[in-house]
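Dear colleague,

I am passing on to you the structure shown below, together with an account of what was found in it. Please read the notes alongside the sequence and the coordinates.

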Amino acid sequence: MEERYQFARIGGGSMEPTLHGGDIVVYDSVVGQPKIGDILVFPTVVHRLIWIDPWGGLWHCGDRDGSRPARRKSEDVAGRVVAVARNGKWVDIGPWPHGSLRRWRLVGDAILRRVLRKTAERLHILVQNFPFL
C-alpha cells in the first residue's frame, strides 16, 4: 500500500525564491481538487498552479521570473506540497510571491502563443490544400 505522504528533492531553481535546489518537499498524494496557488508535484517538475482552464487543464509555472507556464492534465498530478525542509529546518512556503497580475499576464501570454501556433498550423494546412490562395 502506497503511503499518503511522499518526499521529493528539488533539483532545479525554477521555483526560487520559494523553493531552492536541494530542498526536501513533503507532498500529499491525495490531492482532491487543486486550487490556484497550490504547489503541485508532477512526475518531472514541482510548480505552482496558476490557472485551471475551462477544459480542466492545469496551467503551472515556476516562481522564478522568466518561467514559462505549461499545461498538464489533472491525472498528471502526483501530489500537493504541504511542507518544505531546507538545511534540516522547516520553511514557510507562503503565498505566491509575484501576485495575481503576473499570473494573469503569464496565462494570457501562454494562451495567445497557443492560439497563434494553432492558427499558423491551420493556415499552413490551408495553403497546402489550396495552393492557389
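**Overall architecture**

The chain contains 1 helix and 8 strands. Following the sequence, these elements come in the pattern β-β-β-β-β-β-β-β-α. Please bear in mind that this is a predicted model. Its mean pLDDT is 83, and 82% of the residues reach 70 or more. Among the elements, strand 3 has the highest mean pLDDT, at 95, whereas helix 1 (residues 99–129) has the lowest, at 68.

Of the 133 residues in the chain, 35% count as buried. The chain exposes about 8,500 Å², and carbon and sulfur atoms supply 58% of that area. Considering contacts between residues at least 6 apart in sequence, 54% of them join residues at least 24 apart.

**The nonpolar cores**

The largest nonpolar core has 10 residues in all: I10, M15, L19, V25, Y27, I39, V41, V46, V81 and V84. At least two residues of this core come from each of strand 2, strand 3 (39–41) and strand 7 (79–86). A second, separate core has 7 residues, among them V31, L40, L49 and L58.

Y27, a member of the largest core, merits a closer look. Leaving aside residues up to four places away in sequence, Y27 touches R4, Y5, Q6, F7, A8, V41, A78, G79, R80, V81 and V82. Two of these partners, V41 and V81, belong to the largest core as well.

**Salt bridges**

How many salt bridges does a search of the whole structure find? The search gives 6, and three of them are described here.

The side chains of R4 and D28 meet in one salt bridge, with an N to O distance of 2.8 Å. R4 lies in the segment before strand 1 (5–9) and D28 lies in strand 2 (residues 24–28), so this pair ties together parts that are 24 residues apart in sequence. R4 is partly exposed, with a relative accessible area of 41%, while D28 is buried, with a relative accessible area of 9%.

A salt bridge also joins the side chains of R48 and D63, at 2.9 Å from N to O. Because R48 sits in strand 4 (residues 46–52) and D63 in the loop between strand 5 (58–61) and strand 6 (70–72), the pair ties together parts 15 residues apart in sequence. Are R48 and D63 buried or exposed? R48 is buried, and D63 is buried too.

D53 and R71 form another salt bridge, in which the closest N and O atoms are 2.6 Å apart. This pair links distant parts of the chain, 18 residues apart: D53 is in the loop between strand 4 and strand 5, and R71 is in strand 6. D53 is buried, at a relative accessible area of 5%, whereas R71 counts as partly exposed, at 32%.

**The segment before strand 1**

E3 is placed, like R4, in the segment before strand 1. At 56% relative accessibility, E3 counts as exposed. E3 and S29 are 26 residues apart in sequence, and their C-alpha atoms are 8.1 Å apart in space.

**The aromatic pair**

A pair of aromatic rings is described by the distance of the centres and the angle of the planes. The count for this structure comes to 1 aromatic pair. W51 and W59 form this pair, with 6.1 Å from centre to centre and 40° between the planes, and the arrangement is tilted. Both W51 and W59 are buried.

**Backbone details**

Two points of backbone geometry remain to be reported. E16 and P17 are joined by a cis peptide bond, with omega at about 15°. P17 is found in the loop between strand 1 and strand 2.

Where is N87 found? N87 belongs to the loop between strand 7 and strand 8 (89–91). Although N87 is not a glycine, its phi is positive, at about 55°. N87 counts as exposed, at 75% relative accessibility.

With kind regards

Terms used:
Residues numbered from 1 in each chain as written. Predicted model: local features only at pLDDT ≥ 70, side-chain atom pairs only at ≥ 80, totals over all residues. Heavy atoms only, no water. Salt bridge = Lys/Arg side-chain N within 4 Å of Asp/Glu carboxyl O. Helix = DSSP H or I, 4+ residues; strand = E, 2+ residues; numbered from the N terminus. Buried < 20%, exposed > 50% of the residue type's maximum accessible area, 1.4 Å probe, protein only. Core = buried A, V, L, I, M, F, W, Y, C linked by side-chain atoms within 4.5 Å. Contact = heavy atoms within 4.5 Å. Areas by Shrake-Rupley, 256 points an atom, 1.4 Å probe, with all protein chains shown as cover. pLDDT = per-residue confidence, 0-100. Phe/Tyr/Trp six-rings, centres within 6.5 Å; stacked < 30°, edge-to-face > 60°.
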